[in-house]
Structure formats: structure tokens, C-alpha cells
Amino acid sequence: MSPYIEASNFSMPFAQLMTAGIELAINRLLKLDEDSQQRLKKLSGKSLQVTIAELPWPLVFNFSEQVIVRTVSNADKDSAPAADSVDCLIELNLETLPKLKDSSQLTQLIQQKQLNLIGDVYVAQTFSNLLKEIDIDWEEQLSGYTGDVVAHQTFTSMRALFDTAKSQIEKGAIDLSERLTQSDSIAVKPNEVHEFSKGVNEIRSATERLFARVAQLEQRQKTATGSDN
Amino acid sequence: MSAPETPETHSQQQQTTHFGFKQVDTSQKVNMVKDVFQSVAAKYDVMNDLMSFGVHRLWKRYTIDCSGARTGHKVLDLAGGTGDLTAKFSRIVGETGQVILADINDAMLKVGRDKLRDRGIVGNVEYVQANAETLPFPDNSFDIITIAFGLRNVTDKDKALASMYRVLKPGGRLLVLEFSKPSNEMLNKAYDMYSFHLLPKIGQLVANDADSYQYLAESIRMHPEQEVLKTMMDEAGFEQTTYHNLTGGIVALHRGFKF
């Protein structure tokens with residue numbers, strides 16, 4: 001019996017559930033940004049396979065007026081010449097994924113064997129830009145359900161709330177910073193102790209001089225009173 | 001309950017065949033199946049979602065994932081009904097490829113064509129009314145053939161498999177997605193309860209047609225189980241034939257290659 005039969009007889013097709021979710025999310029977002037359709041046209045007819053080491057299934061993206069997301073069956077995973085069947089093939093791990101934002105690092109990542117890239121890099125870069133450049137006017141989207149007035153008021157209130165929260169957070173941060181600075185000054189530094197001791201000594205000397213002066217004056221007064229008698 | 005088909009009983013059924021649990025004249029089955037689908041065509045998609053709780057979409061996705069489809073391929077979506085597979089294949093094979101949505105039933109084809117056109121799927125899709133037993137295509141025409149939830153309605157399955165083998169290109173593959181036999185006895189009993197008691201009621205409620213959904217339940221039980229269908233595909237000439245049970249064997253995807 002082949003592994004194709006044995007693999008999860010009882011299972012739901014979870015890989016397909018995952019790809020369906022990704023596909024739905026991407027296409028919904030693209031639909032909300034009218035300009036994205038124009039950018040998607042650049043990829044029409046192209047395909048991209050992304051193999052992430054931590055995921056059990058590679059993801060295959062086919063581009064047309066929509067993005068189709070699918071995977072490769074277990075039976076095909078080892079036998080199919082994936083690089084021949086897609087325009088671009090990327091193999092990497094999750095740690096490397098955020099580094100792809102900076103396209104100038106691609107060569108370095110390939111040299112460090114953190115990234116395996118076969119085929120047309122333009123496909124991967126265009127897809128990455130497509131997702132990065134999605135710009136959705138959420139107020140406009142909400143107005144479709146609630147009408148312009150409610151959508152505008154909702155977003156104005158949300159912006160005001162956001163601004164208030166932001167300023168409160170900034171104020172809180174300043175207060176906290178000041179408190180931290182004050183608490184730093186509570187911890188007395190050696191030069192401050194020295195200055196304080198010096199000050200105490202000066203006061204002590206001045207006090208002693210004052211006592212001596214007072215004593216001297218008292219003595220003079222006693223002497224003057226005795227002469228008068 | 002009648003016994004499901006085996007290769008022996010199957011080859012013996014020359015004059016009569018089953019229509020659900022009934023035995024009917026072989027020549028009558030095509031029209032009887034036609035009447036069933038004529039009746040359910042309009043509500044077909046809604047009923048599929050209701051009956052399978054939407055899971056049929058995942059079974060079809062799995063079929064596509066196992067198809068190895070790529071840009072430029074020529075695909076035959078046989079008994080393609082309302083075009084769920086065709087829609088995906090059309091976007092995968094692109095402008096240089098082609099998808100043929102074939103169905104014996106013109107009502108189903110019309111529903112499928114309208115649905116796909118409404119979704120902007122045009123250009124690389126053609127619609128052909130065809131009998132799976134006598135496919136009207138030249139030899140070695142297709143890279144991929146799929147038949148999803150259609151084979152059990154075909155009168156002469158051996159003849160249909162041979163016809164599919166003929167029109168498949170060398171190196172091409174056939175994918176048969178079909179209801180099958182659950183591998184767990186408990187699941188089998190629960191599935192029987194659902195199919196024979198609940199399903200016709202849902203059919204009555206939504207499509208105003210309990211009989212068609214009673215036929216659906218019966219035709220599933222009469223369809224050859226996993227190993228039998230695999231043998232039939234082997235006998236038709238397919239190689240490296242395998243199957244994969246989905247959702248505990250309620251559905252199975254059979255795959256075979258022509259070399």
C-alpha cells in the first residue's frame with residue numbers, strides 16, 4: 001500500500017482548509033483595494049511556490065484576476081519537479097521570511113543558504129509588493145453597510161478616541177520618564193555626599209565660631225558689669 | 001438493501017442495471033438519471049453545501065491539489081455539473097491552457113455555464129454535452145481528467161473508464177472523486193442514518209424533491225467501494241492506481257495514470 005493511501009485515512013483535509021482560508025483572505029483584501037487589480041494584472045498567468053520549512057505543505061499561488069492558493073499532494077511532493085511546474089520557487093524558514101522585506105538582502109540570504117530561490121524573482125517581488133501596497137479605505141467600506149453619515153461619525157469618533165488615547169499614552173510616558181529620573185536622583189552619588197559633608201562642616205565651623213563669639217561677648221559683658229560695681 | 005457492485009456482478013449486468021436500489025433496463029438509466037439532475041440543477045450548489053456542511057469544497061480542493069495542474073494544461077472536467085472544479089482549473093491553466101466542462105445533462109451545463117460566466121470565467125473554458133461512455137474527443141487529448149461525484153451515475157462504468165483512458169494523453173492522470181464506503185463501522189451507521197432519514201427530508205425542504213435525494217443515498221450505497229473501483233481502473237489500463245479516503249472514507253479520491 002502506498003503512503004498516498006495510508007496518509008490520514010480519517011482526517012479532514014486540513015491543508016485544503018488552510019489554503020482555502022489564505023485564498024479567501026487574500027482575495028477579499030485585494031477586492032477591497034480597487035487599485036490592486038491593476039497590480040495583480042502584472043502577475044496574470046504566473047505561479048509561485050513557497051516552501052516554508054516549518055509548514056508540512058508547500059503553498060502554490062496561481063495568479064489571474066484572482067489569486068488561487070493550493071498545495072501539493074503528499075504523493076506529488078517528492079516526485080513532482082516543482083521548479084518546472086511554477087515560474088518561481090522559494091524555499092526558506094519562518095525566521096528568514098521577514099528578511100525578504102529588504103530586497104537588497106536577497107543575494108546575501110542566498111549565499112548564507114537561508115533562502116533557495118529558483119526561477120523568476122520578479123514574480124516573488126511583485127507578489128510581495130502587491131500585498132505590501134494594499135491600501136483599503138475602511139470608512140468607504142463601512143459606508144456601504146451603514147451609509148455615509150454613520151460611517152463618517154464612527155470613523156471621526158474612532159480617530160478622536162485614537163488621538164486621545166495616543167496623547168494619554170504619550171503623557172503617561174513623559175510622566176513615567178520624569179518619575180524614573182526622580183527616583184534616580186534619590187540614589188545619592190558620592191560627590192553629593194562629599195558636598196553635603198562639606199556643607200555640614202562649614203555649618204559646624206560657622207556655628208562653633210558663633211558660639212565662641214557669643215561666649216566672648218558674654219565674657220565682655222560680665223567684665224563690664226563687674227567694673228561698674 | 002441491495003449489494004454493492006463487485007467486478008463480477010458488474011460485468012454480468014448486461015441487460016439490467018441499478019438505479020439506486022431498483023433494477024431497471026440498461027437503456028432506461030440514462031434518462032432516469034437525467035430526470036434526477038434536471039430536477040435538482042437549480043438548487044444543486046445550495047444542496048451540496050447543506051448536505052456536506054460545505055466540506056465538498058475541501059474534497060474538491062484536494063482533488064485539484066492531486067491533479068498536478070499547471071499553466072498550459074488541457075483539462076476535462078467530466079460530469080462537471082455546476083463547474084466548481086472548472087472554475088479553479090481555468091485560473092490555474094491560464095490563457096494557454098484549456099478546460100472542457102462536460103456533462104450529459106444540459107440543465108446542469110446551463111447552470112454551470114451561467115455561473116462561470118457571471119464570475120468572469122471565460123476564454124479558456126468550453127462546454128460540451130457528452131456521455132462519459134462515448135467521449136466525443138480524439139485519442140490522447142487531455143493532460144488531466146476529473147470526474148467528481150459523477151461516476152456512480154454512469155450506466156456502464158467500465159466503458160466510461162475505457163473511454164477516459166482513450167482520451168487521456170500518455171503521462172496524463174485521471175482523478176475520480178466519489179462517495180465511497182466509510183472505513184469505520186460506527187461512522188458507517190451514523191452515515192446511513194443521515195443519508196436515508198435526514199437527506200431526503202432536506203431535499204424535500206430545500207429543493208422540493210425528496211425522491212432525487214433518496215436516489216442519491218441509494219446510488220452511493222450501490223457504487224463500487226474503494227478497492228473495487230481501484231481494480232476497475234487497473235482493468236481499464238490505468239497504472240499506479242491509488243486512492244485516498246477523505247472524511248473517514250465517506251468520499252474517496254482515486255487516481256490513475258496513463259503511460
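**Exercise 1. Which residues in α4(B) meet which residues in α5(B)?** Describe the packing of the two helices as well.

Solution. The model is a predicted one.

Step 1. Locate the helices: α4 of chain B covers residues 56-65, and α5 of chain B covers residues 84-93.

Step 2. List the contacts. From α4(B) come H56(B), K60(B), R61(B), T63(B) and I64(B); they meet D84(B), L85(B), K88(B), F89(B) and I92(B) of α5(B). By class, four residues of this contact are nonpolar, two are polar and four are charged.

Step 3. Describe the geometry. Two packed helices are described by the angle between their axes and the distance between the axes. For α4 and α5 of chain B the angle is about 40° and the axes are 10 Å apart. The pair is therefore oblique, since angles under 35 degrees would count as roughly parallel and 65 to 115 as roughly perpendicular. The crossing of α4(B) and α5(B) is right-handed.

**Exercise 2. Place K115(B) and list its contacts.**

Solution.

Step 1. K115(B) lies in helix α6 of chain B, residues 106-118.

Step 2. Its relative accessible area is 17%. Buried means under 20%, so K115(B) is buried.

Step 3. Leaving out residues up to four places away in sequence, K115(B) touches D45(B), T82(B) and D84(B). D84(B) is 31 residues from K115(B) along the chain, and their C-alpha atoms are separated by 9.5 Å. D84(B) is also one of the α5(B) residues in the contact with α4(B).

**Exercise 3. Find how the buried residues of α3(B) are arranged around the helix.**

Solution.

Step 1. Helix α3 of chain B, residues 44-52, has these buried residues: Y44(B), M47(B), N48(B), M51(B) and S52(B).

Step 2. Viewed down the axis of α3(B), they fall within an arc of 105°, so they line one face of the helix.

Step 3. The general rule is that an α-helix has 3.6 residues a turn, so residues three or four places apart point the same way.

Step 4. After α3(B) comes F53(B), with a positive phi near 55°.

**Exercise 4. Examine the positive phi values of K113(A) and T247(B).**

Solution.

Step 1. Most residues other than glycine have a negative phi. Phi of K113(A) is positive, near 60°, and phi of T247(B) is positive, near 50°.

Step 2. K113(A) sits in the loop between α6 (106-111) and β5 (115-119) of chain A. T247(B) sits in the loop between β8 (239-246) and β9 (251-257) of chain B.

Step 3. K113(A), at 76% relative accessibility, is exposed, whereas T247(B), at 17%, is buried.

Key
Residues are numbered from 1 along each chain as its sequence is written. Chains are lettered from A and ligands numbered from 1 in the order in which they are written. This is a predicted model: local features need pLDDT of at least 70, side-chain atom pairs count only at pLDDT 80 or more; totals for chains, interfaces and linings use all residues. Side-chain values use heavy atoms; hydrogens and water are left out. Helices (H or I, at least four residues) and strands (E, at least two) are DSSP runs, numbered from the N terminus. Buried means under 20% relative accessible area, exposed over 50%, partly exposed in between (1.4 Å probe, protein chains only). Contact means heavy atoms within 4.5 Å. Axes are lines fitted to C-alpha atoms, for helices over the stretch in contact, and angles run from 0 to 180 degrees between N-to-C directions. Angles under 35 degrees count as roughly parallel, over 145 as roughly antiparallel, 65 to 115 as roughly perpendicular and the rest as oblique. A crossing is left-handed if the near helix is turned anticlockwise from the far one by less than a right angle, and right-handed if clockwise. Ala, Val, Leu, Ile, Met, Phe, Trp, Tyr, Cys and Pro count as nonpolar, Asp, Glu, Lys and Arg as charged, and the others, Gly among them, as polar. The arc is that of the directions from the helix axis to the C-beta atoms.
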